[in-house]
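Visitor: Hello! I am new to reading protein models, and I would like a close look at a single part of this one.

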Amino acid sequence: MGSYLLFISGGELVLVMLLALLFFGAKAIPDIAKTLGKGMREFKKATNEIKREFDEYSSDIKKDIDEVSSTVKKETNQLKQNINKVSEKVEKETNSITNDLNKDLKD
């Protein structure tokens with residue numbers, strides 16, 4: 001059960017390399033490797049560019065969401081304060097009415 005690379009044994013790899021050497025020649029193989037290296041470099045560069053653009057756009061979206069969130073929190077806090085003020089006024093009036101009723105009942 002020797003070492004397998006993508007279900008290809010060592011002997012098969014050697015055979016493929018020999019066929020490539022015979023088919024392309026010893027002078028063409030370095031050029032092919034160089035071309036493959038350039039292609040891989042360009043692919044990596046394109047991948048990094050896509051990642052950069054994605055991060056840039058997602059940071060813009062995150063910034064917009066943060067702005068909306070802070071606005072909503074601000075408005076919510078303001079509404080809460082207004083509700084508390086109204087609640088305090090209602091409570092004062094209720095207490096006042098209750099006190100007046102209690103006074104009238106005692107008399």
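Is aspartate 104 buried or exposed? Please take me through the helix that holds it, and show me how that helix fits into the whole chain.

Guide: Happy to! One thing to keep in mind from the start is that this is a predicted model. Aspartate 104 is exposed, with a relative accessible area of 56%, and the cut-off for that word is over 50%. You will find aspartate 104 in helix 2, which covers residues 28–106. That helix is the part we will follow.

Let us set the scene with the chain. The protein chain has two helices and zero strands. Its radius of gyration is 39 Å, well over the 13 Å that the globule rule gives for 107 residues, so the chain is more spread out than a compact globule. The C-alpha trace tells you about its outline, spanning about 120 × 35 × 10 Å along the principal axes. Buried residues account for 0% of the 107 residues. The accessible surface adds up to about 10,400 Å², and carbon and sulfur atoms hold 64% of it.

Now back to helix 2, where a few pairs of residues can serve as a ruler. Take aspartate 104 and leucine 79: they are 25 residues apart in sequence, and their C-alpha atoms lie 37 Å from each other. Another pair is isoleucine 83 and serine 96, which are 13 residues apart along the chain and have C-alpha atoms separated by 20 Å. A further pair is phenylalanine 54 and isoleucine 32, with their positions 22 residues apart in the count along the chain and 33 Å between their C-alpha atoms.

Two of those residues deserve a second glance for their side chains. Isoleucine 83 sits in helix 2 and is exposed, at a relative accessible area of 55%. Phenylalanine 54 also belongs to helix 2, and phenylalanine 54 is exposed too, with a relative accessible area of 59%. For contrast, look at isoleucine 29, another residue of helix 2. Isoleucine 29 has a relative accessible area of 32%, so it counts as partly exposed.

Next come the charged side chains. The whole count is four salt bridges. One of them joins lysine 45 and glutamate 42, with 3.6 Å from N to O. Why can these two meet? Lysine 45 and glutamate 42 are three residues apart in helix 2, so about one helical turn separates them. Glutamate 42 is partly exposed, at 47% relative accessible area.

Move along and you reach arginine 52, which pairs with glutamate 56, their closest N and O atoms being 3.0 Å apart. Here the spacing is four residues in helix 2, so again the partners are separated by about one helical turn. Arginine 52 is partly exposed, with a relative accessible area of 42%, and glutamate 56 is partly exposed as well, at 38%. There is a little more to see at this spot: Glu49, Arg52 and Glu56 are linked in a network of salt bridges.

A further bridge connects aspartate 66 with lysine 62, where the closest N and O atoms are 3.3 Å apart. Aspartate 66 and lysine 62 are four residues apart in helix 2, so they too are separated by about one helical turn. The two partners fall into separate classes: aspartate 66 is partly exposed at 41% relative accessibility, whereas lysine 62 is exposed at 52%.

For the charges of the whole chain, there are 18 positive and 18 negative ones, and the mean positions of these two sets are 9 Å apart.

Let us finish where helix 2 shares a surface feature with helix 1. Val14, Leu18, Leu21, Phe23, Phe24, Ile29, Ile32 and Leu36 form a nonpolar patch on the surface, and together they have about 750 Å² of accessible area. Helix 1 (10–24) and helix 2 are the elements that give two or more residues to this patch. Helix 1 provides the largest share, with five residues. You have met isoleucine 29 already: that partly exposed residue is one of the patch members.

So your walk runs from aspartate 104, an exposed residue in helix 2, through the salt bridge of aspartate 66 with lysine 62, and on to the nonpolar patch that includes Ile29.

Note on methods. Residues are numbered from 1 along each chain as its sequence is written. This is a predicted model: local features need pLDDT of at least 70, side-chain atom pairs count only at pLDDT 80 or more; totals for chains, interfaces and linings use all residues. Side-chain values use heavy atoms; hydrogens and water are left out. Buried means under 20% relative accessible area, exposed over 50%, partly exposed in between (1.4 Å probe, protein chains only). The radius of gyration is taken over C-alpha atoms; the globule rule is 2.2 Å times the number of residues to the power 0.38. Accessible areas come from the Shrake-Rupley method with a 1.4 Å probe; for residues, only the protein chains shown count as cover. Lys and Arg count as positive and Asp and Glu as negative; His and the chain ends are not counted. The place of a charge is taken as NZ of Lys, CZ of Arg, CG of Asp or CD of Glu. Patches are made of residues with over 30% relative accessible area and no salt bridge: like charges are joined within 9 Å, nonpolar side chains (Val, Leu, Ile, Met, Phe, Trp, Tyr) within 5 Å.
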